[in-house]
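User: Please take one part of this assembly and describe it closely, chain by chain contact included. I would like a connected account rather than a list.

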Amino acid sequence: MFSYIGRRASHSILSVIGLLTLVFFLTRLTGDPSALYLPLDATAEARAAFASLNGLDQPVHWQFAEYLKDLLQLDFGQSLRQNRSAMEVALQAFPETLKLALVAITLSTALAILVGSLAAARAGSLFDRIAGVASLAGASAPDFWVAIVGILVFAVGLELLPTSGTGTWAHWIMPIFVLTLRPFGLLVQVVRGAMLSALASPYIKTARAKGVRRTKIIFGHALRNSLLPIVTVAGDLATSLVNGAVVVETIFGWPGIGKLMIDAIIQRDFAVVQSTILVTATAIFILNIAVDLLYAFLDPRIRY
Amino acid sequence: MKNVGNPILKVEGLTVDFLSNDEPVRAVDNVSFHVNRGETLVILGESGSGKSVSTSTVMDLIDCPPGDIVAGSCLFDGTELSRLDADARRNINGRRIAMIFQDPLAYLNPVYTVGRQIEEVYESHGEAGGREARARAMELLQRVGIPEPETRIDYYPHQFSGGQRQRIMIAMAIALKPDILIADEPTTALDVSVQAQILDLLRDLQRETGMALILITHDLEVAASMADRIIVMSAGKVVETGPAREVFSNPKHAYTCRLISASPDGDPAEASNKRATKIGSETLLKVEHLTKEYALSSGAFAPKRRFKAVDDVSFEVRRGETLGIVGESGSGKSSIARMLLRLSDPSSGKALFSGEDVFEMGGKTLMAFRRKVQMVFQDPFGSMNPRMTVRSIISEPWAIHRDILPRHQWKERVAELLELVGLKPDHADRYPHQFSGGQRQRIAIARALASEPELIVCDEAVSALDVSIQAQVIDLLADLRTRLGLSYIFITHDLPIVRQFADRILVMKQGKVVEEGDTATLFRAPRHEYTRGLLQAVPKPKWLMSENEPPAEGADVFWSDRPRSGSFSG
Amino acid sequence: MRRTGVLTIASAILSAAASSAMAQGAQEIHVVLPEQPANLEPCGTIITNVGQILSQNVVEPLTAIDPKTGQPQPKLATEWTQVDPTAWHIRLREGVKFQDGSDFNAEAVVFSINRMTGGKITCSNNAKFGDAKLTVTAIDDLTVEIKSDKPQPILPTLLSVVMVVSPKTAEDKAVNDPVGTGPFKLSSFSPQAVVLEAFDGYWGNKPEITRATYVWRPESSIRAAMVETGEADLTPSIAIQDATNPETDFAYLNSETTAIRIDTSQPPLDDLRVRKALNLAIDWEGMGQLFGDDVKRASQMVVPGINGHDATLEPWPYDPEQAKKLLEEAAADGFAIDAEIKLIGRNGIYPNGAEAMEAMMTMWQAVGLNVKLTMLDVADWLRYLQKPFPEERGANLLQMMHDNNKGDAAFTIPIFYRSSGNYSTLSDAALDKEIDAAMAATGEARTQSFKALFDKARKEVVADIPMFHMIGYTRVGPRLDWAPDITTNSEIPLANIRLKD
Amino acid sequence: MTILLPDTKSTEEPGTARVLHAYLKRDRLALAAAVFLALFVLAAMLGPWLVGDAASRLGLRQRNLAPFSLEQSWIYFLGADTLGRPILARLIVGAQNTLGIAAAAVFSSMLIGGALGLVAGYSERWYSHLILRLADVIMSFPSLLLALIVLYTLGPSITNLVIVLAITRMPIYLRTARAEVLELRERMFVSAARSMGAKPVRIILRHIAPLVLPTLVTISAIDFATVILSESALSFLGLGIQPPDFTWGAMVANGRGYLSTAWWIAFWPGLAIMLTTLSLNILSNWARTVADPQQRWRLQTLRKAAR
């Protein structure tokens, strides 16, 4: 178990190093930030001063060496835009995203398990069909479209919810709804499929032969065995949520890491791009290990 | 004790269809049978005969649709089952009728401890819960012979051996002392010696509880050793029924006759053997001190243990000879085959093929060797790519070894080979799944022959086939040996089959060769205790055993010679 | 189906929560901006979202530009005199205190200007001074002398970008906690919001508003909705399609002028007839639909009110026949008018910017020009805007927007038309000389010279395609008594906002 | 095969067109989905011929024309966009880019990801580890950053958008293919081929790849939907397809500002995206049912025997 975690960790660290290297060099292909940080009418000297102030006048490999050196001292660089440590910026935004991601993935998984199991238990029924189409329809709409329509309907039209922002629990409802739609739609399919194949498994025959009640067969036996594929897909979906729900964060003004990253990318705030990627990649790596441990917990046959 | 009172279960005119786009498939056609308390009814039939479907109908395990119960009644203890509602039928399951299945690993829920799964029987029927259920589960485990039940109760199914898992299934089934126990091929996946133990356990439990036992099997010996009465099914119909002894000694229906005569040793073995007539003196393959070691890691900090799957094995195969390698699962026999075919590397040892060490070969020599040695695998379906036509399967050796046959002759040669193994040339454009098991194995043999080999390694090549098919495939192999001068290494766990076919036999146990000798001698006078045990584990007919007496050793010459018919190796 | 489900549950519970979220204190206002201010460095107030929060609220400049005349007015400076062509004396306001308690005096001004020009921090405002070298000295407690290396006739105008900060501000580091002399002091700055609170020791009139919260949402429709629902009181720069309510939505001419720059150095654009044809081929009235009814057709790169704007200059008409004729003539003279011309647009440059480019591309294609649109990301687009231009750029037209809110055409003409200008594709020595002369002139001569230059640019040079003087739309909640004007794009002085009762 | 299904060979083989057609007819939803998709694909192919240059014809005086007005020609039935171009025509022409980009991206990510997955699964050499790490890196590499890098360095074009989308989706195929190969390479027919002397390349291409392919194709149907949606999200952020090229996603993104005043601009393309992705999902569900012998009966006309 420990050796497994150790091995996974070393793989992940390799991947993160590779990722950071790639990000470092590729972002520097996207142009000179000085054009963006100085007014259009700034003089050439001002630009040169800006470049040397921020170390952008050095050759790229030299900048990379500097970056690595600083990294070893846990110095992740300064944000060009925000006048403060890039890591501080990233770490301030990350919890906001994490909160959203956790609630969204928990909610969508829980709902999907409920709806998907019932649909599988009554495969072919009207409920099954409606649940299938409705959940897929939710998953098939562009999220920004749903978000804006949601605001226009619920906040402007009906005045039930605040349009956007953070603060009260009412502010959570629409972002969570939008974030939940797609994972929910996909997970309902996964749950239904896994449940159908679990319900056709030999051990279900055994349970029936034992005289186990139907609800217990569905939720105790079939669902319990379906959890593995569900966890796999939910884990993948959680990964993409942790990476930042850019669209939702942008529209609802949620100060998360996805919005931060896209701003940093567009503004060529390299240190922030690197720091956000470091934070999210680490989170994803921890998440992946957690999913693996969850596997072992859910299926006694899996041992690392 | 036998045939007392009214039948506890009476099935009349049961007809079950499986629906699909075309005409419904009739799985069970007008089947009637009954079973009395304390009696053992055996339903005998080959795969696809509908023998499981009829009992599953009794247990309400058929999903409708796609199942469709067309007609028939199931009278259980005076109650018509089809009139009961779902909950009432659920209540009968497990409490009054219980069932165990062929493959306990698949039929036990992998994510729950066995204790919990046994306790569930009590809980589902409101009999006991919590501590009490656990205590009773522990008692049951003890009763069915699981060692250390206090600790093993918290183990998961995958942590038990095949035999133990079947014992656990049995424990679950007898938890509420049912009136009927339905056992669906309960020993098919097990080794001979384990099979004997499980059958003994079932007999003992039946004696203790007085339950009726319905045993479903395709295995003649198992049927004979358990049955009071027997019904024989074929293609969904009951073709013969009667007291066991009568059916066996005097089969009336053509199907039953065929079934009994098809078993590999239906006639006295020595007379009908299919052994080689001419064995050359030239040594084709000489294996010396072959050893295969695996390192087992049992935990992060535990030292690595080493495990010898094959331990210092030496033998020879002469040109034209058939060498049988016999052993139970885990004896290392398949590891030898894999190493000889260079599918895995040996830890040490040599294998000289025509004087050259197989394990040292590389490049061209290895390619030449691969041509000369071919393998026929246990599962003819698994060993063929389902996406390839028979033609491309058989011609694959020519695609790999470009010098065997020019491409324009492939078609013709495939047709020849198909005819050689008893199939039609126009089968070449079909896919493997369109053939029956026996036909598939013929295709596999045709593929093996395509590269004009000198030695064919058959790894449990007929074990997955029905009895009647086994004999045909063995006949084919023997015929090919005579016609093409082949040599075989024939690996099996099934003694009677090698007895017919092999010239010499190697008995293996836990990676070691325990006995070696020519076939007739080995069967007549087995020297090693293990070999004797194997021979004796073959079940004896029930009517030759006295009550309360464990099966006698070598009780009857005819039946002790009578082999077990087809079975799966574990 | 799902939505109605949510609706019924929500309607039962949420109305209370929603209304409480909208409840606001009487003296408190909420402003929603289009973009998050990256930082609150007072030296970056020319950046729209920084200026809209800080300028005139937290920090104050030495002078302020009158939006109507374009002339500098006293703010922290009360008087100024030019003692010689390169030196000015500035008299400072008395009795002003910084929000941290320090005194406002000559030292503070010296500190602020040095901090701005020192080069130790990235200071956007400094760019307005170009490459001028300033030396600032305190003459007495309330007088400073500003010397420059070359004549600075409009120094008082330039002083409107000098934000005076407390001398306790870090000199070598950009800050996010500005301390100035304004009527409001910074209370908090988080990724969600900026909060300003009234500063009791303010030197001027006490503002009615005591607290202002700034949040940001990029979607214009959502910002408009926030004001509509009462979640916010004010939002600048909403899209024209969201300005649907005449009660709350104010249109105002902002200082932005949109145009297309023609790369005069690349054939076939080096031919005057082709450049004229480009101007004539556009259905200007139809185009105007994209930007709203109040939009004003532009004939030059500065808006009325800027010193040098020529109100009599006619914009190009829509005359596709004439355009075709000019192109035929050019073709007859051997100009390859069918060569591909790249139209380079920028994502999000102004509302409906991409649509405008698509429309113009189609119209140019209709007169027979082979124009192909490429929309670029800002940084990529900048490579084409600024010198040095990319080597292999080929014939190109560049979408641009110019914002001169500093009152004088000097901030426009040299960069566009002088051969040394950063955006200029021209190299005409005679024109350069004329521009230099205008830049050195003062008073009416200066105005007339600039007007002449704009006339020449429009009629003889045709290096660009002026499009429109843009209209800004601001939605102001019913609680507020305030109207936006041309300065709203750079500042929203809270002190000017009154609350209706 | 469980005990409940009789071990008889089905007399028909799924895969023949006739049987598939029958299965499709049984599932009305899947049939509707198939018809929709066929329509869209037809529109994409015949689009230019159908509507000519109407999709780019300006109509600045009928900007945001409301739908269902019969005063204009039929092409304006769904209304007009911000430049007065008929939305119907743009939907038809946009189908070409939308479906083309998604198909190209899905196909190339399936091809590359699948190939890398095959190698990573079959071989245990250093390069399979490298491939796995690469997949890790791509998975945590923000697709927006990638989009921006490609936009900046390679310029905006449809091909480059396809590259971005293909790279981001690749790890899915890589991981799935690898997982399948890990299982398949232990299968007996692979051992059989090895024992005959087949080289790894032959085993991978001839024996393993054909069995991995159906799984990848199933994933690709759902992925197709994902790609259309991520392409529209990129457009929302201004990093997607650039004018004058357009897709449905870009149409939604551009029309979003008009949702409260001219809802139809963003609604119709949004509906088109939704119907396409929904149809694909429904069809892939249907295909999974067809492929599953345990579930296939649900699509069959169950004819009962006479009693």
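Analyst: The account below starts with chain A and then moves to its partner and to the other chains.

The model is predicted: local features are given only at pLDDT of at least 70 and side-chain atom pairs only at 80 or more, whereas totals for chains, interfaces and linings take in all residues. Residues count from 1 along each chain as its sequence is written, chains are lettered from A and ligands numbered from 1, in the order in which they are written.

Chain A falls into two domains, domain 1 at residues 2–72 and domain 2 at residues 87–298 (bounds from an automatic or database assignment). Between the C-alpha centres of domain 1 and domain 2 of chain A there are 33 Å. Where these domains of chain A touch, domain 1 provides 13 residues and domain 2 provides 11 (contact: C-beta atoms, placed from the backbone, within 7 Å). On the domain 1 side, helix H1 of chain A, residues 2–27, gives the largest share, nine residues (helices, H or I, of at least four residues and strands, E, of at least two are DSSP runs numbered from the N terminus). That side of domain 1 of chain A has eight nonpolar, four polar and one charged residues (Ala, Val, Leu, Ile, Met, Phe, Trp, Tyr, Cys and Pro are nonpolar; Asp, Glu, Lys and Arg are charged; the others are polar).

According to UniProt, in an unreviewed entry, chain A has the feature "transmembrane region" at residues 12–31, 100–121, 133–157, 169–191 and 277–298 (such annotations may be inferred). In the model, residues 100–121 of chain A are 100% helix and 0% strand, and the end C-alpha atoms of that span are 31 Å apart. Residues 169–191 of chain A are 96% helix and 0% strand, with 29 Å between the end C-alpha atoms.

Further along chain A, helix H12 (residues 257–266) packs against helix H13 (residues 270–298) at an angle of about 150 degrees, and their axes lie 9 Å apart (axes are fitted to C-alpha atoms over the stretch in contact, angles running from 0 to 180 degrees between N-to-C directions). H12(A) is therefore roughly antiparallel to H13(A) (angle over 145 degrees). The crossing of H12(A) with H13(A) is left-handed (near helix turned anticlockwise from the far one by less than a right angle). From H12(A), A:Ile257, A:Leu260, A:Met261, A:Ala264 and A:Ile265 take part, and they meet A:Val272, A:Val273, A:Thr276, A:Val279 and A:Thr280 of H13(A). Eight of the residues in this helix contact are nonpolar, two are polar and none is charged.

Outside its own fold, chain A touches chain C, and of the five touching pairs of chains A and C have the most contacts. The interface joins 45 residues of chain C to 45 residues of chain A. On the chain C side, helix H1 (2–22), strand S12 (211–216), helix H5 (220–229) and helix H10 (378–385) each give at least two residues. H1(C) contributes the most, with nine residues. By class, this side of chain C has 23 nonpolar, 14 polar and eight charged residues.

Chain C itself is divided into domain 1 (2–41 + 51–56 + 186–251 + 475–499), domain 2 (60–164) and domain 3 (253–471). Domain 1 and domain 2 of chain C meet through seven residues from each.

Chain B makes no contact with chain C, and their closest C-alpha atoms are 31 Å apart. Chain B does touch chain D, with 41 residues of chain B in contact with 34 of chain D. The chain B side of that interface holds 20 nonpolar, 12 polar and nine charged residues.

Methods
Contact = placed C-beta atoms within 7 Å. Parallel < 35°, antiparallel > 145°, perpendicular 65-115°, else oblique.
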